[in-house]
Amino acid sequence: MGDLEKQQRVGEGREENGDGEKESLLESTAVVDFDLLCSSVALRSSHGSWGKLGGRDDEQQGGVLRMWEGELLDCFDDRRIAFESACCPCYRFGKNMKLAGFGSCYLQAIVYLVLVLGALVTFIAYTIWRIHYFVYLAVAFTIAVGVYLGFYRTRMRKKFNIKGSDSSLDDCAYHFVCPCCTLCQESRTLEMNNVQNGTWHGRGDTLCIGGFRDESKPLFEIRPPSVVFMEPTDEHRTKKSTDAATNGS
């Protein structure tokens, strides 16, 4: 009987040791920075390592669902962007297009400027000569501005998987009703998330490793997600040893 009890105790001790090892492995769980994880997903998707959502849009990046930075009327969250959007919207729009990877900054700014000047000049011509032909041109140029900006807002939303209205008409309506506020929202989203040349890096994941004079090194580099191992504390180990001694006795 004594030998049988000893064997049972030895078996229970082995099971407890096995359970303790499993618990220690579970406690040493890797904690990954969420922002850097999202940036890594976006980076891999831009290089074609991740599947497309739905498989229909060639510009759609990754499986991360994102949000616009702030509401549409939160213009003064960034006063610099608000000032640029109000005083020089052509430049601000061109800069957004360059960040999003939709062409040259100056080319996009010139197209925007031509459409706005066309609407303004034809409206002034109508007030001077009172010819209805100029009214039709002014309306056509105004519609062209809203459609052009709304089209690229839709492309931006689909490319970066930004959550919002799925209707392109809504994107055009935003630029019709409040073009400066809409431009501010797009600018904040691109700049606050470190979008560079069409790649969404995410917040806080760019590391400067070179200078402007050092052409041999790139200015920015993507950092991989940092991994931190959390070890069990001494108090928790003492508690487990106490529980094991109690079960053994």
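Is V145 buried or exposed? In this predicted model, V145 has a relative accessibility of 14% and, because buried residues are those under 20%, V145 is classed as buried. The residue is placed in helix α6, which comprises residues 132–159. Leaving aside residues up to four places away in sequence, V145 touches Y112, L115 and V116. The last of these, V116, lies 29 residues from V145 along the chain, yet the C-alpha atoms of V145 and V116 are separated by 6.8 Å.

The UniProt record, an unreviewed entry, carries the annotation "transmembrane region" for residues 105–127 and 133–151. In the model, the chain over residues 105–127 is 100% helix and 0% strand, with 33 Å between the end C-alpha atoms. Residues 133–151 likewise are 100% helix and 0% strand, and here the end C-alpha atoms are 27 Å apart.

Helix α8 (residues 179–192) packs with helix α4 (residues 89–100) at an angle of about 35°, the two axes being 10 Å apart. The crossing of these helices, α4 and α8, is left-handed. On the α4 side, P89, R92, F93, K95, N96, L99 and A100 take part in the contact, and they meet L183, E186, S187, L190 and E191 of α8. By class, the contact of α4 with α8 contains six nonpolar, two polar and four charged residues.

Helix α7 (residues 168–177) also packs with α8, at an angle of about 120° and with 5 Å between the axes. Because an angle of that kind falls outside the roughly parallel, antiparallel and perpendicular ranges, α7 and α8 are oblique to each other. Y174, H175, F176 and V177 of α7 meet P179, T182, L183 and E186 of α8. Five nonpolar residues, two polar residues and one charged residue make up the contact of α7 with α8. L183 and E186 of α8 thus appear in the contact with α4 and in the contact with α7.

Positive phi values occur at two asparagine residues. N161, which is not a glycine, has a positive phi of about 55°, and N161 lies in the loop between α6 and β3 (162–163). With a relative accessible area of 6%, N161 is buried. For N197, a residue other than glycine, phi is positive and near 55°. N197 is found in the loop between β4 (195–196) and β5 (199–200). The relative accessible area of N197 is 61%, and N197 is therefore exposed, the cut-off being over 50%.

Terms used
Residues numbered from 1 in each chain as written. Predicted model: local features only at pLDDT ≥ 70, side-chain atom pairs only at ≥ 80, totals over all residues. Heavy atoms only, no water. Axes fitted to C-alpha atoms, helices over the stretch in contact; angles between N-to-C directions. Helix = DSSP H or I, 4+ residues; strand = E, 2+ residues; numbered from the N terminus. Left-handed = near helix turned anticlockwise from the far one by under 90°. Contact = heavy atoms within 4.5 Å. Nonpolar A, V, L, I, M, F, W, Y, C, P; charged D, E, K, R; others polar. UniProt positions renumbered as here; feature names shortened; annotations may be inferred. Parallel < 35°, antiparallel > 145°, perpendicular 65-115°, else oblique. Buried < 20%, exposed > 50% of the residue type's maximum accessible area, 1.4 Å probe, protein only.
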